[in-house]
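Here is my note on the model, set out as numbered points. Please read it with the structure open.

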Amino acid sequence: MARIRLDRIRHAYTPELAAAGQYALRQIDHTFEDGGAYALLGPSGCGKTTLLNLISGLLAPSEGRILFDEQDVTELSTQARNIAQVFQFPVVYDTMTVAQNLAFPLRNRRIGAKETERRVRDILERIGLAEKANRRAAGLTADEKQKISLGRGLVRSDVAAVLFDEPLTVIDPQMKWQLRSQLKELHAEFRRTMIYVTHDQTEALTFADKVFVMVDGEVVQVGTPEELFSRPRHTFVGYFIGSPGMNLLPCTLEGGQAIVGGHRINLPQAIGSPAASRALELGIRPEFVQVLPRGQGYPITIRRVEDIGSEKIVRAEFAGQPLSAIVDEAGEIPAEADIAFAPEALNLYADSWLVERERA
Ligand SMILES: Nc1ncnc2c1ncn2[C@@H]1O[C@H](COP(=O)(O)OP(=O)(O)OP(=O)(O)O)[C@@H](O)[C@H]1O
């Protein structure tokens, strides 16, 4: 296992792209702690796979260094870095049995037959394939094959990290749930450093202790699921995480109040004063918007209500801006409605970045 440090990494796919300033990764300076469960989350093209391939050694960065436990591995191959990988499509040897597939990496490392058998049996139990140990891999389902790919990473005791690139892409929706929670359990048992690439927030938030949110070649926030939900540092995080995402309302500031389309909204505490030229937005999650009878808050026009079973999503217009609110399934929604905001849940953004509050 290893602590993985990315030291001022930048990457452009060709020297021409670098000369034109078109970097797939613009500046990455982060550490993955030994034994942690991490997700790299972001939309298509933001650089997740590029970053994973730099860590595994499939790609060499244009600039910067990669350190495993402070040893510079930038020039080392995937094999020399001792990385295990689980890709979108399961990589298994179809002609071998399940047990032979798991034993393969140990044989390559000249581990003795007895020790190999012991470890393979242990992993077979843990990934739930003990009964299929002697079956040919060819006849297995996609999720069983993905379990073998994962098992091959866990069977070796010398693996620095296990990297996953969208590993649930070809798995049936029903099995996705099962595999996801099994993966989390296996992480808790083995405590290997695991890095999981996905564009799916549910996968990222259920698997990872810490999520790296990426956009446009940059990591905009590293945080626990709770931090990403309650204190998004960037409007992209607010919008991308949560369903529906955070409401973002263009505003101005005046004497500790935010002005949205002529409405004055009290901000919870003193907010540091962002430079006057910056574009300001007030961020509030739909979970913290209350829908009230007319006369008790700020007026909205309700456009539609989506009933999703456990709760209702109110799609409305407030001061000419679209706004969503989440209401309890049993909650009344007046035809003529107002809204109020939970003040402590208001965030202010300047040029998309969170304005940190001044602490008393
Ligand atoms: N081999 C390549 N040559 C040139 N550009 C590339 C290459 N691979 C990726 N890119 C570009 O680098 C950027 C980051 O791509 P990357 O595949 O890392 O993103 P991603 O977040 O993993 O997206 P996806 O989820 O679609 O795989 C994109 O603009 C992409 O077009």
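**Notes on the predicted model**

1. **Arg107.** Start with helix H4, residues 98-108, where Arg107 lies. Is Arg107 buried or exposed? Arg107 counts as exposed, because it has 11 C-beta neighbours inside 10 Å. Now look across to His263. Arg107 and His263 are 156 residues apart along the chain. Their C-alpha atoms are separated by 70 Å.

2. **Overall build.** This is a predicted model. The C-alpha trace of the chain spans about 75 × 50 × 40 Å along its principal axes. The chain has ten helices and 22 strands. Of its 360 residues, 38% count as buried. Take the contacts between residues at least 6 apart in sequence: 66% of them join residues at least 24 apart.

3. **Domains.** The domain assignment gives domain 1 as 4-235 and domain 2 as 244-354. Taken over C-alpha atoms, the centres of domain 1 and domain 2 are separated by 38 Å. How many residues of domain 1 are in contact with domain 2? Five residues of domain 1 contact nine residues of domain 2. On the domain 1 side of this contact, one residue is nonpolar, two are polar and two are charged.

4. **A cis proline.** Check the peptide bond from Ser243 to Pro244. This bond is cis, and its omega is near -5 degrees. Pro244 sits in the loop between helix H10 (235-240) and strand E11 (247-254). In the domain assignment, domain 2 runs over 244-354.

5. **The ligand shell.** Which residues are around the ligand? Tyr13, Ala24 and His199 are among them. The others are Gly42, Ser44, Gly45, Cys46, Gly47, Lys48, Thr49 and Thr50. By class, this shell has three nonpolar, seven polar and one charged residues.

6. **Helix H2.** Why is helix H2, residues 48-56, described as largely enclosed by the rest of the structure? Seven of its nine residues are buried, so the description follows. The buried residues of H2 are Lys48, Thr50, Leu51, Leu52, Leu54, Ile55 and Ser56. Two of these names, Lys48 and Thr50, also appear in the list of residues around the ligand. Gly57 follows H2. The phi of Gly57 is positive, near 95 degrees.

7. **The E4 to E5 loop.** Two residues here deserve a look at their backbone. Asp69 lies in the loop between strand E4 (63-68) and strand E5 (71-72). Its phi is near 45 degrees, a positive value in a residue other than glycine. Asp69 is exposed, because 12 other C-beta atoms lie within 10 Å, and a residue with 12 or fewer counts as exposed. Glu70 is found in the loop between E4 and E5 too. The phi of Glu70 is near 70 degrees, again a positive value in a residue other than glycine. Glu70 is exposed, with 8 other C-beta atoms within 10 Å.

8. **H6 against H7.** Two packed helices are described by the angle between their axes and the distance between the axes. Helix H6 (residues 142-154) and helix H7 (residues 173-190) pack at an angle of about 10 degrees. Their axes are 11 Å apart. H6 and H7 are therefore roughly parallel to each other, since angles under 35 degrees count as roughly parallel. Which residues of H6 meet H7? They are Asp143, Gln146 and Leu154. On the H7 side, the residues are Met175, Leu179, Leu186 and Phe190. The residues of this contact divide into five nonpolar, one polar and one charged.

9. **Arg180.** Stay on helix H7, where Arg180 lies. Arg180 is partly exposed, with 18 other C-beta atoms within 10 Å. Which residues does Arg180 touch, not counting residues up to four places away in sequence? Arg180 touches Leu168, Glu203, Thr206 and Phe207. Compare Thr202: Arg180 and Thr202 are 22 residues apart in sequence. From C-alpha to C-alpha, Arg180 and Thr202 are 10.0 Å apart in space.

Key: Residues are numbered from 1 along each chain as its sequence is written. This is a predicted model: local features need pLDDT of at least 70, side-chain atom pairs count only at pLDDT 80 or more; totals for chains, interfaces and linings use all residues. Axes are lines fitted to C-alpha atoms, for helices over the stretch in contact, and angles run from 0 to 180 degrees between N-to-C directions. Helices (H or I, at least four residues) and strands (E, at least two) are DSSP runs, numbered from the N terminus. Angles under 35 degrees count as roughly parallel, over 145 as roughly antiparallel, 65 to 115 as roughly perpendicular and the rest as oblique. Two residues are in contact if their C-beta atoms, placed from the backbone, lie within 7 Å. Ala, Val, Leu, Ile, Met, Phe, Trp, Tyr, Cys and Pro count as nonpolar, Asp, Glu, Lys and Arg as charged, and the others, Gly among them, as polar. A residue is near a molecule or strand if its C-beta atom, placed from the backbone, lies within 6 Å of it. A residue is buried if 20 or more other C-beta atoms lie within 10 Å of its own, exposed if 12 or fewer, and partly exposed in between; C-beta atoms are placed from the backbone. Domain bounds come from an automatic or database domain assignment.
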